[in-house]
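Grab the model and a viewer, and let's work through some exercises together. Try each task yourself before you read the solution.

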Amino acid sequence: MYLKIKLFLQKHLFYRYISKNNVTYLKSKILLKHLLIILAIFILITTISLLNLSLNINEFGLNVFKNNLVNIFKFSEKSSYILGNENSNLWILSINYLWITIKYTLVGSFLGFIIALTTSYITSKNNLKNFLRIPFSIIIIFLRSIPELVFITIFTNSFNSYLAIVLVFFWFSWLWLHKYYLEMFNSLNYKEIYLLKKLGNNNFKIFFNYIWPRISNRIIAQFLYSFESNIRWSSILATLGLGGIGTLIYYGSYSSFRLNELGIPFVILFIFIVFLELFNFIFLNFILRNKSAFYTQKRYLNSVNKTKYICSWKFYFNLLLLLMPLILTIYVLITIDYTSLNLYSSKNIFVSFFNPDWSVFDALSKDINLNPFLQILQTILFSTFISLLSLILTITFLPLFSRLLFNKYYVLFNKIIMTFLRIIPVIIFFFILNTLFFSPLTLLLLILTFHQITVLTKLFSEMIDKFNKNDYHNLKIQGYSKSKIYFLFLIPSIKHELISIFIFYLEINFRNLLTYSIYSQNELVLGSKISYFLNEKFLDLNKAFSYVWISTFTIISINLIKYLIHNRLNKVKLWPLKLIKINFFNI
């Protein structure tokens, strides 16, 4: 029966293609593509109907929204945050809190960067045997799959606010940068590294003389992106008990009576994020434009062990870029307060993590508050909804951001507007627009979708602009319109990236829904349960970790699917008929 179904699908949805190497592949027919589009639309419609998404606009809330928008731009220069009355200068307070955010976020990000660089290099396939590398990879995957709320709760309950900020950003920077750096190290030429070891070079020399000059650009770029993301994420962490400028933003936006205190801290944060965007753009496109960020020319003298580099001003600039966070990190680690430690709380959390209270679940119940499978299904459906809708809308409007298809000034204007919208924190949109919707969940899904569109637009526009310009002009000469070129050539040229990024954002959206469920007024059941039982007022760690465990298993499953598809796409671009051995731990 299985064989008949397989043959039927191969006959009607695929056709055989023989490559130059006489290898037979299956390529999809146009019918399959149409079916996939119909399926995507069906999933969107089904998600909206099954989960009762309310798209109704609150007409009364429209007037409130207008008033709130006016109050935001009143820009009160006095703050009632500290003393309870309007006698604190909000500009000075915002700058001070921004410095707190920058200082501790940078220290946490830099520590995570150093540890990630070390662990990823040591555990790469070139340095560690499989019997040691595989268990370490499993541990990293497991830690990365645990919802962020758990570690945020551990750090905020066990340490003072500033140390908690450092530890939160250190932890997440380490886990995520480790993944990206490990992929870089594993992609290096194993034979060349093996030869260098045979010539007597140790791992330390190989790293600085051979590996670092080759991938330093990408390593530094990932660190800068991590720091920028952490600064943007600090606004949501204020609602979870951490300090910084996000505290002022949350304080000003939480009540409509204090919205006039939102504008100034938001503008201060916005200006700094714009500065980071410009710095990253200049740094990545001009400073790191050459093959090596540190060295403009490389000359070998006598042997591999004796290497001489001719340095340029870029060397000193990059050295300064690394020394500044290093000095700040040493200063912060020396001066930070370590006395306010609550190790008893950490112990309770650790013990409860391995003793979940499964009595909160009833797998046979039709009530989503009791059935864990319905809770997982709800979150997965919503994460799929966000991923599909954002992907469809991004593909629809992507031509407006391509220099190949439109005038560069028009494209630049569109990108500036999209960048402006992208750097606005999610919670700002939520608190401003929440009066317009009856359902906070609907608003949350739309905001997360919109924010993802701003990210995907930047990513995909850079991809399609790499399309060969000569080929584009030849297609124009042959009579192809812009729309035909876009859909028949540009989009197919990045189809594998589209699939990989779609699967990647399934996990990201699943995590976001758990984190932002605090704003859904219990409509997102799984994340709301975690937030509820981790809240100090209703603290019940054993019940909380029962929901954490099922979330963790779900994220691990999504990762497994992601790596299966990723390996399949990378190892066999055209889906060959022969079976391929997949290494799940090469991550």
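A quick definition first: helices (H or I, at least four residues) and strands (E, at least two) are DSSP runs, numbered from the N terminus. The model is predicted, so local features need pLDDT of at least 70 and side-chain atom pairs count only at pLDDT 80 or more, while totals for chains, interfaces and linings use all residues. Residues are numbered from 1 along each chain as its sequence is written, and side-chain values use heavy atoms, with hydrogens and water left out.

**Exercise 1. Two residues in a loop**

Task: find where asparagine 522 and glutamine 521 lie, and work out what their phi values are.

Solution. Step one is location: asparagine 522 sits in the loop between α20 and α21, and glutamine 521 lies in the loop between α20 and α21 (525-534) too.

Step two is the backbone. Most residues other than glycine have a negative phi. Glutamine 521, not a glycine, has a positive phi of about 50°, and for asparagine 522 phi is positive as well, near 70°.

Step three is accessibility. Here buried means under 20% relative accessible area, exposed means over 50%, and partly exposed is in between (1.4 Å probe, protein chains only). Glutamine 521 comes out at 63%, so it counts as exposed; asparagine 522, at 57%, counts as exposed.

**Exercise 2. How do α19 and α20 pack?**

Task: describe the angle between α19 and α20, then list the residues that meet.

Solution. Start with the geometry. Axes are lines fitted to C-alpha atoms, for helices over the stretch in contact, and angles run from 0 to 180 degrees between N-to-C directions. Helix α19 (residues 482-493) packs against helix α20 (residues 495-516) at about 60°, and their axes are 5 Å apart.

Now classify the angle: under 35 degrees is roughly parallel, over 145 roughly antiparallel, 65 to 115 roughly perpendicular, and the rest oblique. That's why α19 and α20 are oblique to each other.

Next, look at the contact, which means heavy atoms within 4.5 Å. From α19 you get Ile491, Pro492 and Ser493, and they meet Lys495, Glu497 and Leu498 of α20. Sorted by class, that contact of α19 with α20 has three nonpolar, one polar and two charged residues. For the sorting, Ala, Val, Leu, Ile, Met, Phe, Trp, Tyr, Cys and Pro count as nonpolar, Asp, Glu, Lys and Arg as charged, and the others, Gly among them, as polar.

**Exercise 3. Chasing salt bridges**

Task: say how many salt bridges the whole structure has, and take some of them apart.

Solution. Side chains of opposite charge can pair when their charged atoms come close. The rule used is a side-chain nitrogen of Lys or Arg within 4 Å of a carboxyl oxygen of Asp or Glu. Searching the whole structure this way turns up nine salt bridges.

Take lysine 179 and glutamate 183: their closest N and O atoms are 3.3 Å apart. They are four residues apart in helix α7 (residues 161-186), which puts about one helical turn between them. Lysine 179 is buried at 7%, whereas glutamate 183 is partly exposed at 32%.

Then try arginine 232 and glutamate 228, with closest N and O atoms 2.7 Å apart. Both lie in helix α9 (residues 203-237), four residues apart, about one turn of the helix. Arginine 232 is buried at 13%, and glutamate 228 is buried at 5%.

Finally, aspartate 540 bridges to lysine 543 with closest N and O atoms 4.0 Å apart. Salt bridges that share partners also join Glu228, Arg232, Glu277 and Arg422 into one network.

**Exercise 4. Aromatic pairs**

Task: count the aromatic pairs, then classify two of them.

Solution. Rings of Phe, Tyr and Trp (its six-membered ring) pair if their centres lie within 6.5 Å; planes under 30 degrees apart count as stacked, over 60 as edge-to-face and the rest as tilted. That rule gives 38 aromatic pairs.

Phenylalanine 142 and phenylalanine 353 are edge-to-face, at 6.4 Å centre to centre with 70° between the planes. Phenylalanine 142 is in helix α5 (residues 130-145) and phenylalanine 353 in helix α13, so this pair ties together parts 211 residues apart in sequence.

Phenylalanine 170 and tryptophan 174 have ring centres 6.5 Å apart and planes at 5°, so they are stacked. Both belong to helix α7, four residues apart.
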